[in-house]
Amino acid sequence: MKQVVQNYKSGELAVLDVPVPGCKPGGVLVRSAFSLISTGTEMMKVSEAGMSMLGKARSRPDQVAKVMQSVATNGVPATYRKVMGKLDSYTPLGYSLCGVVEQVGAGIDDVKVGDLVACAGNEHALHAELNWVPKNLYAPVPDGLAPRHAAFGTVGSIAMQGVRQGEPQLGETALVIGLGLIGQLVVQLLAASGVRVVGADPDPARCELAERLGAAAAGDPSSAAVEAAVAELTDGHGVDQVYLAAGGGSNQPVELAARLCRDRGRVVDIGKCRLDLPWNAYYEKELDVRFSRSYGPGRYDPEYELEGRDYPIGYVRWTERRNLACFLDLMARGKVDVEPLVSHVADFDDAVETYRRLKDGELKAVAVLFRYPEPTEGAAEAKAPSVAVPAVKAKPSPARAARTPVRLAFVGAGNYATSMLLPHLARREGVELATVVTTTALSAANAQRKFGFAGATTDLDGVLGDKSIDAVFVVTRHSTHADLTRKALLAGKTVFVEKPLALTEDELAGVLAAVEESGNDRLQVGFNRRFAPLLQEARKRFGARTGPANLRYLVNAGRLDHGSWYLQQGSEGSRFVGEGGHFIDTASWLLDADPVSVYATATSGNEDLQVVLRYPDGSTATISYVTTGPSGFPKETLDLVADGRALRLDDFVRASVYGRDKWVSSRLPKARDKGQNAELAAFVKAVRGGGPMPVPLESLVATTAATLAVQAGLAGGAPVTLARAR
């Protein structure tokens, strides 16, 4: 296997081939998926290795003291040989990773082969393809948490232990000095604890990032901005806690801490900075100076770390393993977001070059991840990434007698429902808007008044039990779609649910279980673009094809407003999961097939995505989903090329087809029509007459599975197979 090492004498960095560690009792063998470079601790070690011997001695006076003690005990020659032998050896790097359990040692029963775990320890969570990790230095990764995010577990535990040492209370104010990787995590943890946070760092970009992640204010510690923010937030009393997350040889952090901390406040040292405490300042305020020891209780205790002896929870509530599990849980629930901290993801084979770029300042980063390759032949078999496409197991519902009017109920009356759906339905003949259901009475009353609903209520069960209701529209927040759809199907209703149908594979399986249990397959998802008249006409003029096609779809999605619930990824799913099904469905409809695999990659921060879909006949569709484009550029442009012909769609205002003949639509359409009206007409027709739904359920399921596979692909860094159930 390969491992990143460094020679501390010469400073040489290398990726060496080394033996695979054995799987000893009391631990597990883990194959790395992602490991995190600590741009503070690790880069300090890398920089020290490049110093002269005198520079090394000055940077590590603790080690010099040990050498002098050895000289007194063993003499100069023996000590010299010992020191030089140790310096001229390869040492490992890394201490925070996420990977898959490949082998389980004796005495381990809390994880099994194939489980995803986060690992800690500068001897056990190394930048290496395989690591043996003892029980108390790993924790299972919660469902839904991406491996690249779980790789932050160790540094998150360090930040968490520092915050615990500060004992923050609701409503207090804290100052975080140093907004590197640890400092940014401390900011988020404090904000999640109900503490107002001020950040201090000379880097404006890091200050801006801290404010995005929850800090009330952040600025250069040498400026007046930080002091002004502290004075304003504390009525001039000073902050309750100061967290020193800075490094380097300056004494400015501890002096700033004394100046801005309140009387009898707490100062917690998390980083490795100079600590020449100004005696008068700390004495006069009687400041409580505390140190935070790495990941938490258990650190450096061989009985805990190596022998697996846990501390009783009644005596030690938060050990390093419990801190690790707690931080993973906070990320999984969306309380802490580490994705904005990821500045760069490098292939593991490029480790040496990545360290060089970091050291030289060419790569400026808060956090850098190594992405590991898939196991080669001869290694333990690894399961290829896949997302299940469940089979639809339901007999088609029997045709019902035609009935007019069709009585509709709406669950939810937000912006999309009131702007894009209800205006079309309110003026459609043969439709009766029977009831609107919302969680707040006033929003239901507003929708009733504006669109003429016969009734308004907050009682969902009552609506589902009303046999006179023919169909239910689910137009609520994304996290509720699958559950509400399942309930409506079980109640025997025809269902129109806005995208997405589901946020997880389990949610999708739950919807299909309801279809199977009830025998009710009357379901439509709001994929409206395939109904757009302009695109329908262009597809007709393009005609049938015989060979594979290439499709390119550019979506200039734009940035969301601050505070948008679309940004609540922990509860509402990613933005692409929320709306990406639109574009996948459009591509699949144009190619007349469902995708068989998905590959996804993203820029730093997952803001701009490239999604490549592969189809059974060799066709491909590339969806470029960007949020950083200019607002004046068209939102959606699409090109389809096959058999010597090309189709182009320009943002639903113009379309053209090139081939033996050329067709170009009118340059001045009456309006940008993305198909909602035609989609609703087809849905109402199916409800009224009991005929087939506008889009086959199998296609809706395949599109949803492909959308979910995008997130799996981003997390795993490899193509994801869409495995269809037989």
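A charge sits over a ring if NZ of Lys or CZ of Arg is within 6 Å of the ring centre and within 35 degrees of the ring normal. The model is predicted, with local features needing pLDDT of at least 70 and side-chain atom pairs counting only at pLDDT 80 or more, while totals for chains, interfaces and linings use all residues. Residues are numbered from 1 along each chain as its sequence is written, and side-chain values use heavy atoms, leaving out hydrogens and water.

**Exercise 1.** State which rings R317 and R321 lie over.

*Solution.* R321 lies over the face of Y138, at 4.9 Å from the ring centre. R317 lies over the face of W318, at 4.0 Å from the ring centre.

**Exercise 2.** Classify the pair of Y304 and Y311, and give the burial of Y304 and of Y311.

*Solution.* Rings of Phe, Tyr and Trp (its six-membered ring) pair if their centres lie within 6.5 Å, and planes under 30 degrees apart count as stacked, over 60 as edge-to-face and the rest as tilted. The structure holds 13 aromatic pairs. For Y304 and Y311, the ring centres are 5.0 Å apart and the planes stand at 40 degrees, so this pair is tilted. Y304, with a relative accessible area of 0%, is buried (under 20%; exposed is over 50%, partly exposed in between, with a 1.4 Å probe and protein chains only). Y311, at 21% relative accessibility, counts as partly exposed.

**Exercise 3.** Classify the pair of F410 and F453, and name the cluster that holds F410 and F453.

*Solution.* The ring centres of F410 and F453 are 6.0 Å apart with planes at 70 degrees, so the pair is edge-to-face. Both F410 and F453 are buried. One aromatic cluster is formed by F410, F453, F473, F496 and F683.
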